[in-house]
Amino acid sequence: MASHPVILFDQLARTFVPAELIESIEEAHLQAVDTTWMPVLLRRLQQLVDQGTPRADWPQSFHWDWRQKTERIKGLLAFRTLALTCDGKLQGLMQVNTASVSRLPDQTGKHLTYIDYLESAPWNRLEVVTQPKFKGVGSVLMRAAIEISHEEGFQGRIGLHSLPRSEPFYGRCGMSDLGIDGNYENLRYFEMTPAQAATFSGKEPL
């Protein structure tokens with residue numbers, strides 16, 4: 001199980017801190033979702049229920065089951081998973097598919113790395129807590145997807161369907177907005193070209 005040193009920004013301490021990007025979601029990470037992520041998320045959901053908040057305004061990935069997701073792709077060579085840890089805790093997870101192709105007019109038919117799922121720990125998300133802990137989880141995982149794209153010979157091309165409240169983030173990443181995909185839960189589809197990937201890789205964490 002290979003791992004790589006990366007950095008995150010501790011928003012409470014106002015400093016950059018070392019983190020670790022791990023090239024596989026392991027059982028310990030799935031257990032961490034159950035024991036550390038879910039209690040925080042469930043407390044927030046209970047608050048929203050008590051406040052009468054419409055379900056559409058709940059944290060959008062609250063129903064994701066990472067154990068089920070990883071079981072579903074076990075043994076399939078096109079899929080890769082990553083985990084991000086920092087401060088002794090799991091901070092993010094990502095699953096990618098390397099068997100997708102671009103939809104951009106000038107990239108049509110060229111292979112890309114498709115991000116199936118990307119999620120940050122609930123204490124890093126403003127929709128869950130009032131003062132998020134770490135900034136940069138999404139950026140680190142996006143850069144990892146770009147690196148996987150390069151490893152596969154795809155020149156940094158990546159694509160994804162975004163949950164609605166994540167759309168501004170992917171816009172700030174410099175991705176191309178290809179609009180709402182009526183064939184995929186009416187989610188907005190984004191892609192990143194090799195040039196956009198090179199530009200994003202040189203940015204500060206978002």
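**A buried aspartate, two pockets and a set of salt bridges**

Aspartate 181 is buried, its relative accessible area coming to 9% (buried is under 20%, exposed over 50% and partly exposed in between, with a 1.4 Å probe and protein chains only). The structure is a predicted model, in which local features need pLDDT of at least 70 and side-chain atom pairs count only at pLDDT 80 or more, while totals for chains, interfaces and linings use all residues. Numbering runs from 1 along each chain as its sequence is written, and side-chain values use heavy atoms, with hydrogens and water left out.

Back to aspartate 181, which sits in strand E8 (residues 176-181); helices (H or I, at least four residues) and strands (E, at least two) are DSSP runs, numbered from the N terminus. The aspartate 181 side chain has a polar contact of 2.8 Å with the side chain of histidine 161. Another polar contact, at 3.0 Å, joins the side chains of aspartate 181 and arginine 103. Here a polar contact is a pair of N or O atoms within 3.5 Å; within protein, one must be able to donate a hydrogen and the other to accept it, and residues adjacent in sequence count only if both atoms are side-chain atoms.

Next, the pockets. The search used a 1 Å grid over the protein atoms alone, and a pocket is an open set of points where a 1.4 Å probe fits, with protein on both sides within 12 Å along at least five of seven lines; lining residues have an atom within 4 Å of a point. Grid points are joined across faces, edges and corners, and a volume is the space filled by probe spheres set on the points. The largest pocket holds about 1100 Å³ of space. Its lining takes in 36 residues, and those nearest the centre are Arg125, Glu127, Arg165, Ser166 and Phe169. Two or more lining residues come from each of strand E5 (111-120), strand E6 (134-135), helix H3 (137-151), strand E7 (158-162) and helix H4 (167-172). E5 gives the most, with 6 residues. Sorted by class, the lining of the largest pocket has 16 nonpolar, 11 polar and 9 charged residues; Ala, Val, Leu, Ile, Met, Phe, Trp, Tyr, Cys and Pro count as nonpolar, Asp, Glu, Lys and Arg as charged, and the others, Gly among them, as polar.

The second largest pocket comes in at about 240 Å³. It is lined by 15 residues, with Ile25, Thr70, Ile73, Lys74 and Thr81 closest to its centre. Helix H1 (27-50), helix H2 (66-73) and strand E3 (79-86) are the elements that each give two or more residues to this lining. H2 supplies the largest share, 4 residues. The class split for the second largest pocket is 5 nonpolar, 4 polar and 6 charged residues.

Helix H3, already met in the lining of the largest pocket, has 11 buried residues out of 15, so it is largely enclosed by the rest of the structure. Among the buried ones are Val137, Leu141, Met142, Ile146 and Ile148. The end C-alpha atoms of H3 lie 21 Å apart, which agrees with the 21 Å expected for 15 residues at 1.5 Å a residue (the expected span is 1.5 Å times one less than the number of residues). Glycine 153 follows H3 and has a positive phi, near 85°.

As for salt bridges (a side-chain nitrogen of Lys or Arg within 4 Å of a carboxyl oxygen of Asp or Glu), the count comes to 12. In one of them, glutamate 27 pairs with arginine 67, and the closest N and O atoms are 2.9 Å apart. This pair links distant parts of the chain, with glutamate 27 in helix H1 and arginine 67 in helix H2, 40 residues apart. Both ends are partly exposed, glutamate 27 at 38% relative accessible area and arginine 67 at 31%.

Glutamate 151 and arginine 80 also meet in a salt bridge, at 3.1 Å from N to O. Glutamate 151 lies in helix H3 and arginine 80 in strand E3, so the pair ties together parts that are 71 residues apart in sequence. Glutamate 151 is partly exposed at 46%, as is arginine 80 at 24%. A further bridge joins glutamate 167 and arginine 188 at 3.4 Å, N to O; glutamate 167 is in helix H4 and arginine 188 in strand E9 (residues 187-192), 21 residues apart. Finally, Glu119, Arg125, Glu127 and Arg165 are joined into one network by salt bridges that share partners.
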